[in-house]
Amino acid sequence: MAEQQQRQTGQRAAGEEEPVAPRPVSLDRFVLRPEGVAFLSAKRVWVVLIAWIGCRAYFLWDLLPNPDIRIYFKAATAWLGGGTPYFDVALEYPPGALLLFTLPRLFADRIETFSTLFSVEMLLLDLVVMLVLWRIPARVFDRQAEWETVRRYEAVVCLLAYLLLTTLLGRLMLQRFDTALAAVLALWLYALIDGRRRWLAELLLAIGIWIKLIPLALLPVHFLFAYAEDNSSASLKDISVWMLKRGSLYLARLVAFLLVLFLPFWFLSKGTLFRFLEYHGQRGLQVESSWASVLLLAENFFSLGTEIKHEFGAHHLDFPAARFVLGASSWVLLAAYLAVCAWFFRAMVLRRPSERSERRVLLIRGLLATLLVLLATAKVFSPQYLLWVTPVLALLAGDLRRQLGSGFGRSVLLFLLTSLLLYFYYRDMLRVDALPVTLLFVRNALVIWLLFSLLRGRTPKPFDAREEGADSTDRSPLAKALRVGLPYASWSLFAAWVCLANLFDPATNDLWTHLRVGKDILNTGVFPSVDVYSAVAQGRPFIAHEWLSAVIFSVLLQLTGPAGLSLIKVVVVGVCTFLLHRSIEGKNRLNVITLPLLAVVTYALIFRVHVRPHLFALGLVCALTFALERFRRSRRLRDLLWLVPLQVFWVNAHGSYLFSLVVLGLVTAGVGLQCFFPALQAKNTDERPWVYRDLIPLGAATLACILASCLNPYGPKIFYFSTHLTVGSGYISKIFEWESPLVVGGGSHWYWAYWLLLALLWSGLLLRIKQLPWLDVGLALVVTVMSLRANRFVPYLAIVGYPIIIRCWLPILQAWSKESVWRRRPWVEILMAGFLVATTVSYGYAFSPRYSRPIGTLGIRVDRMPVEVVEYIRKKKYKGVIFCQYGDGAYIINKLHPDVKPVIDSRIDIYGPELYAEYNNSTRSAANFFGYLKKYNVNLVALPRFRTFRRIFPIIRRHPDWTLELRTKTHELFVRKRSGGG
């Protein structure tokens with residue numbers, strides 16, 4: 001019996017006291033329900049494996065060598081080429097790092113291959129960290145826990161938390177060798193906790209110093225924990241005796257290991273090994289350090305004359321105030337470090353915990369506090385340094401008893417802010433913009449806050465206690481006001497962001513043609529049937545299928561000026577977000593995922609918001625989604641009838657009216673199949689089963705919308721035109737909006753929002769597949785195929801997928817987690833919406849890392865249009881045919897019709913593949929170009945000064961029949977001499 005108990009509890013180290021009875025695990029610490037805990041515990045290997053592959057697979061995709069990889073490759077190449085490390089080969093790292101660089105270099109001659117192999121090396125070390133985290137919770141958090149399930153659950157939570165934190169840092173863990181130090185520190189921590197091989201902990205500490213010198217700061221933690229494990233007394237005599245006997249032995253072993261590791265490189269480098277210390281001693285105040293964040297924040301209020309220089313592979317502050325702070329930072333660092341050591345000595349030696357589990361917890365707190373005090377007070381704080389503390393921070397999430405204190409939420413925010421600054425706002429931070437500098441200051445303040453919370457070591461209240469306190473009736477008036485007002489504040493900020501993100505000046509090519517078509521319809525009352533605007537496509541059939549949008553734009557311009565065209569975007573997107581929010585059931589709106597998911601959907605929608613007819617289509621797709629969701633809950637005809645007048649508007653406003661017919665037909669057919677085959681009905685859901693009488697309103701609405709689509713100036717002919725444009729338009733796919741997200745979009749932020757929504761949509765459907773949500777699967781399949789085919793349909797997936805994602809994921813959250821997890825978080829919503837507002841006010845709608853659409857002046861942007869060229873032609877009263885760029889034709893039509901006709905404009909459907917290809921081929925050679933001009937009797941040429949036309953400029957400038965009459969910043973105008981331009 002004793003042997004069995006020893007196998008269950010694990011072998012104890014020599015001299016360890018008998019374990020006391022374990023404290024029971026409080027169930028209020030679980031964020032999941034018992035079935036969720038049981039599932040994670042039983043399927044822990046598969047859950048962690050799938051999460052690891054999902055988090056790491058993307059980082060390896062299209063991994064390009066960064067500057068650090070090039071430094072590693074250069075150092076390893078020089079050493080393998082016969083150079084002497086630290087003598088001939090400049091290196092800023094200890095010799096252990098050089099071996100990490102050299103290992104992949106042995107198998108790679110090209111830097112691209114080296115980058116991949118180095119990333120694989122870091123991934124292997126990443127697996128080492130995960131294996132250690134798999135074992136640590138069982139060793140630390142009351143190894144004799146009541147249930148085996150609890151220990152397994154703690155390990156899974158630690159691993160998932162580690163994956164979350166490292167994923168937030170992006171590819172840093174694969175392109176920096178700091179992952180190796182994280183692995184060594186994790187192994188060292190485990191060896192200390194295990195206690196059976198003390199020499200192994202000292203060897204690992206020596207290896208850590210050999211890779212990077214930071215583990216030198218852990219020597220007090222190492223030896224004080226060793227003393228607490230060996231002695232129960234805190235007297236000065238016992239400490240002195242221990243130092244002479246065991247302490248000196250431990251120190252001698254550590255020194256021996258260090259000599260074995262460093263001496264070969266000392267002789268190999270000819271005594272220049274420690275030159276890398278000079279490199280770090282000469283570094284200045286890095287812009288990401290806590291000290292620099294204070295100075296940069298002060299720069300926004302006071303003129304300090306901040307200067308930033310790039311040296312020693314990073315950006316540093318270089319001005320008198322920074323140099324003064326740099327001198328004081330070393331003393332503050334030393335004082336703060338000694339204070340942490342004194343705290344650890346007091347807690348571990350003077351107040352030695354009686355239980356070994358408490359000493360292990362205190363060891364983790366001491367390790368984390370030591371590393372955090374270095375990050376908070378050092379003159380350098382690179383983002384990859386957070387990899388050192390990532391394994392320890394992950395333990396905060398797996399500590400169900402909160403012996404380490406609460407800090408994982410702050411850790412997630414810390415890593416999130418670091419990722420934002422590194423990947424989105426780094427250039428803006430170097431420009432000392434207010435927003436990134438504030439984010440940097442908050443990031444560093446979080447490090448200090450986390451440090452102080454570890455030193456205080458207060459245990460937070462249980463979840464249930466907090467919930468009970470939240471529902472109590474003795475709440476103060478201020479607390480009641482906050483409870484009622486905070487949700488409204490978050491939605492108000494969100495609405496403000498929607499308005500600000502859409503207040504940009506219209507600048508699309510198509511707008512100018514629509515304004516001309518709308519004006520002509522209003523003036524003549526005739527709908528165009530043949531083209532009269534183009535010199536090349538003149539006389540071809542022209543179906544103005546978006547005539548109603550053109551009329552609306554033209555009327556708005558006449559009544560309100562350019563401001564009306566800018567504000568209509570705000571109105572339409574506001575209606576979209578309102579309809580999407582109201583499309584989900586009332587009780588489902590009060591959960592934690594509603595507003596963040598709606599923000600992602602709105603972000604993916606805004607990238608396609610322009611003053612073009614498809615603007616109305618976005619609102620109409622939202623109205624269709626809203627109507628269908630309401631009908632699925634009510635089964636009433638009146639929830640669908642209002643789609644009929646909307647269909648009349650849709651068919652005259654934009655060619656995407658076919659989408660509503662396809663969706664209504666799909667829903668009708670799906671309901672019919674489920675009625676005919678009851679086995680296909682959704683199971684275990686709140687939705688009522690479909691019956692045959694539900695087909696009546698669906699069929700009537702579908703038929704009415706089909707008939708309503710014929711109410712247009714062109715009658716049923718509109719169906720052939722729209723189908724031909726959508727299906728038979730292969731040449732159109734060369735335009736951005738018709739290209740697939742698989743081909744373009746990787747450099748834009750909306751691209752990642754799209755893939756996030758796509759992943760949430762299909763993962764949610766797969767998790768609910770046993771409930772047979774075939775109707776949702778059909779709708780998701782339609783919008784997925786459309787969005788993968790063309791960028792212009794990406795918002796369709798976001799709109800239609802929003803209620804489906806809510807319907808899939810909310811039951812999963814409710815079934816597997818407690819209410820405290822998935823209920824609304826007003827403060828989180830306010831922070832999220834406030835951040836969106838702040839970024840939009842500062843930079844505008846962030847389209848990509850290099851481009852943002854700033855808040856406009858409620859006008860029409862013409863900065864890329866040939867404004868001066870058009871005015872010159874009008875002044876000279878030139879007439880005829882003008883050769884222009886594809887994007888300039890619409891502006892020329894709007895301003896110069898009917899006197900001057902372009903050879904091309906943005907109405908790609910009018911020209912067809914032959915004329916479009918002929919135009920593209922005309923700029924590929926001089927013969928093609930002048931042949932094209934002669935064929936269409938072109939007498940004016942307005943070329944933008946872009947790379948596409950660079951080969952044409954020298955040719956036409958030397959041609960005797962053409963003369964350059966006007967040169968602007970954006971265009972050059974050439975006129976044929978023989979005709980005089982007229």
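A residue is taken as buried when its relative accessible area is under 20%, and because cysteine 341 has a relative accessibility of 16%, that residue counts as buried. The same cut-off serves for the whole of the predicted model described here, in which 54% of the 982 residues of the chain count as buried.

Along its principal axes, the C-alpha trace of the chain spans about 105 × 75 × 55 Å, and the secondary structure consists of 42 helices and 10 strands. Of the contacts in the chain with a separation of 6 or more, 75% are accounted for by residues 24 or more positions apart.

One place to begin is the sheet of five strands, an open sheet with mixed pairing whose order is E7-E6-E8-E10-E9. Strand E7 (900-902) and strand E9 (962-967) stand at its edges, and because each has a single partner strand, one side of each is left without a neighbour in the sheet. From one strand to the next, the twist averages 25°.

Within this sheet, strand E8 (residues 940-944) has strand E6 (residues 880-883) as a parallel partner, the two being paired over two bridges, while the pairing of E8 with strand E10 (residues 971-976) is antiparallel and extends over five bridges. On the E6 side, isoleucine 882 stands opposite leucine 940 of E8, and phenylalanine 883 stands opposite valine 941 of E8. Valine 941 also has a bridge partner in E10, namely phenylalanine 974, and this residue of E8 is therefore placed between a parallel partner strand, E6, and an antiparallel one, E10. In a regular strand the side chains alternate between the two faces of the sheet. In E8, Leu940, Ala942 and Pro944 point one way, whereas Val941 and Leu943 point the other way, and all of them are buried. Strand E8 is thus mostly covered, with five of its five residues buried. Helix H41 (residues 926-935) lies across E6, E8, E9 and E10, and it runs at about 160° to E6.

A second open sheet has three strands in the order E1-E3-E2, with antiparallel pairing. Its edges are strand E1 (285-286) and strand E2 (308-311), and each has a single partner strand, so one side of each is left without a neighbour in the sheet. E1 and strand E3 (residues 314-317) run antiparallel and are joined by two bridges, and the bridge partner of glutamine 286 in E3 is histidine 316.

Helix packing can be followed in a pair of helices from an earlier part of the chain, H6 (residues 111-140) and H7 (residues 148-168). Two packed helices are described by the angle between their axes and the distance between the axes. The axes of H6 and H7 come within 8 Å and cross at roughly 145°, and the crossing in which H6 passes H7 is right-handed. H6 contributes Asp126, Val129, Met130, Leu133, Trp134, Pro137 and Ala138 to the contact, and H7 contributes Arg151, Glu154, Ala155, Cys158, Leu159, Tyr162 and Leu163. Sorted by class, the contact of H6 with H7 has 11 nonpolar residues, no polar residues and three charged residues.

Helix H27 (residues 614-634) includes threonine 625, a residue that counts as buried because its relative accessible area is 7%. When residues up to four places away in sequence are not counted, threonine 625 touches Ile799, Val800 and Pro803.

Leucine 640 has its place in helix H28 (residues 638-641), and with a relative accessibility of 0% this leucine counts as buried. Leaving out residues up to four places away in sequence, leucine 640 touches Ala627, Leu628, Phe631, Pro697, Leu698 and Ala701. Leucine 640 and alanine 701 are 61 residues apart in sequence, yet their C-alpha atoms are 6.2 Å apart in space.

The cysteines raise a last point, namely why cysteine 622 is not bonded to cysteine 576. A disulfide requires a pair of cysteine sulfur atoms within 2.5 Å, and because the sulfur of cysteine 622 is 3.5 Å from its closest cysteine sulfur, that of cysteine 576, the two are too far apart for a bond. Cysteine 622 is itself buried, with a relative accessible area of 0%. A search of the whole structure finds zero disulfides.

Technical notes
Residues are numbered from 1 along each chain as its sequence is written. This is a predicted model: local features need pLDDT of at least 70, side-chain atom pairs count only at pLDDT 80 or more; totals for chains, interfaces and linings use all residues. Side-chain values use heavy atoms; hydrogens and water are left out. Buried means under 20% relative accessible area, exposed over 50%, partly exposed in between (1.4 Å probe, protein chains only). Helices (H or I, at least four residues) and strands (E, at least two) are DSSP runs, numbered from the N terminus. Two strands pair if DSSP finds at least two bridges between them. Axes are lines fitted to C-alpha atoms, for helices over the stretch in contact, and angles run from 0 to 180 degrees between N-to-C directions. Contact means heavy atoms within 4.5 Å. A crossing is left-handed if the near helix is turned anticlockwise from the far one by less than a right angle, and right-handed if clockwise. Ala, Val, Leu, Ile, Met, Phe, Trp, Tyr, Cys and Pro count as nonpolar, Asp, Glu, Lys and Arg as charged, and the others, Gly among them, as polar.
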